[in-house]
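Welcome! Have a look at the model below, and then let us walk through it together, starting with one small detail.

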Amino acid sequence: MALLGGFKINKAIDVLLMADQKGIVEVKEALVKIKDAGASAVPKLIEALADDPNNTYINNLLFELLTNQTLPEYMDALADEDKHIVSGVMAVLAKSSAYDPNLLLELFTDPDIPNNVLVKILLARSNKLNGNNLFALLPKVDNPSQKAILHVIEETVSENMIPQLAKYADSDDINIRYQISKIFGKLDTERSRNILLQKLEDPSKKVRQAAIEGLGNMTVPVPSNLICKSLRDSDMTVQ
């Protein structure tokens with residue numbers, strides 16, 4: 001039965017791939033067959049993206065069939081070698097609100113899935129992300145993935161994240177300290193100000209520069225004497 005079902009799905013998808021050469025009735029029948037097949041049609045629909053990534057029928061069906069239950073098929077597809085499959089699935093995941101985007105966070109531990117793909121999807125669904133989940137993942141991933149996650153955090157940051165962000169303010173990695181300083185520059189609070197004031201003494205000039213820029217955007221009082229010290233910074237950019 002499974003073999004027969006797979007054959008029917010393939011045949012229906014072939015109709016959709018040649019929709020401009022088929023009649024409306026045949027196309028509608030193909031759509032009904034695929035929708036009736038439900039989740040079992042998802043892998044074959046994803047494969048069809050390689051043949052016609054701009055096929056409206058295929059893309060719409062993938063959008064309609066995406067749920068938390070079918071999500072694993074879409075997640076696996078993000079590691080596909082075919083760029084059309086990856087970009088097509090990425091577009092569906094970025095647009096759909098029918099699944100929990102926090103379920104995608106585990107993919108930062110998968111070396112076969114590019115971080116930039118995940119970041120694009122997560123930023124599109126940022127209103128549903130759980131900040132605690134993002135921070136919990138940071139110690140579990142490699143350095144490039146940490147930077148990618150921090151970029152997502154930067155775009156979704158809120159004041160309640162300050163205690164967790166503070167843990168990374170003195171990271172050994174210059175780029176992470178830089179990202180953290182940029183993030184604190186978006187939080188107009190006394191605690192974020194105090195952390196940025198400490199970053200004025202950072203060994204890295206780009207971290208010091210990020211701290212200066214962040215402090216300059218704040219409305220909370222900033223001690224002028226500490227800012228004036230930056231005028232004597234060894235790097236002209238920071239001055």
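## A charge over a ring

Let us begin with Arg-125, which sits over the face of Tyr-99, 5.0 Å from the ring centre. A charge counts as lying over a ring when NZ of Lys or CZ of Arg is within 6 Å of the ring centre and within 35 degrees of the ring normal. Lys-95 is placed over the face of Phe-63, at 4.9 Å from the ring centre.

What does a search of the whole structure find in the way of aromatic pairs? It finds 0 of them. For such a pair, the ring centres of Phe, Tyr or Trp (its six-membered ring) must lie within 6.5 Å; planes under 30 degrees apart would be called stacked, those over 60 edge-to-face, and the rest tilted.

## What kind of model this is

The model is predicted: local features need pLDDT of at least 70, side-chain atom pairs count only at pLDDT 80 or more, and totals for chains, interfaces and linings use all residues. Residues are numbered from 1 along each chain as its sequence is written, while side-chain values use heavy atoms and leave out hydrogens and water.

## The overall picture

The protein has 14 helices and 0 strands. Here helices (H or I, at least four residues) and strands (E, at least two) are DSSP runs, numbered from the N terminus. Along the principal axes, the C-alpha atoms fill a box of roughly 75 × 30 × 30 Å. The radius of gyration is 24 Å, whereas a compact globule of 239 residues would have one near 18 Å. That radius is taken over C-alpha atoms, and the globule rule is 2.2 Å times the number of residues to the power 0.38.

Of the 239 residues, 46% count as buried. Buried means under 20% relative accessible area, exposed over 50%, and partly exposed in between (1.4 Å probe, protein chains only). The accessible surface comes to about 12,700 Å², with 51% of it belonging to carbon and sulfur atoms; these areas come from the Shrake-Rupley method with a 1.4 Å probe, and for residues only the protein chains shown count as cover. Among contacts with a separation of 6 or more, 65% join residues 24 or more positions apart, where contact means heavy atoms within 4.5 Å.

## Helices H7 and H9

Helix H7 covers residues 115-124, and its buried residues are Val-117, Leu-118, Val-119, Ile-121 and Leu-122. These pack against helix H6 (83-95) and helix H9 (143-156). Following H7 comes a loop that leads to helix H8 (131-137) and holds Asn-130. Asn-130 is partly exposed, with a relative accessible area of 33%. Its C-alpha atom is 9.2 Å from that of Pro-101, and the two are 29 residues apart in sequence.

How far apart are the end C-alpha atoms of H9? They are 20 Å apart, which agrees with the 20 Å that its 14 residues should span at 1.5 Å a residue; the expected span is 1.5 Å times one less than the number of residues. The buried residues of H9 include Ala-148, Ile-149, Leu-150, Val-152 and Ile-153. The buried residues of H9 pack against H7, H8, helix H10 (162-166) and helix H11 (174-184).

Is Glu-154 of H9 buried or exposed? Glu-154 is buried, at a relative accessible area of 8%. Setting aside neighbours within four places in sequence, Glu-154 is in contact with Lys-182, Ile-183 and Lys-186. Between the C-alpha atoms of Glu-154 and Gln-179, 25 residues apart along the chain, the separation is 7.8 Å.

## Towards the later helices

Ser-171 belongs to the loop between H10 and H11 and is buried, with a relative accessible area of 18%. Beyond its neighbours within four places in sequence, Ser-171 is in contact with Ile-176 and Arg-177. Leu-197 is found in helix H12 (residues 190-199), and is buried at 13% relative accessible area. Leu-197 and Asn-127 are 70 residues apart in sequence, and their C-alpha atoms are 30 Å apart in space.

Our last stop is helix H13 (residues 205-216), whose end C-alpha atoms are 16 Å apart, in agreement with the 16 Å expected for 12 residues at 1.5 Å a residue. Its buried residues include Val-207, Arg-208, Ile-212 and Leu-215.
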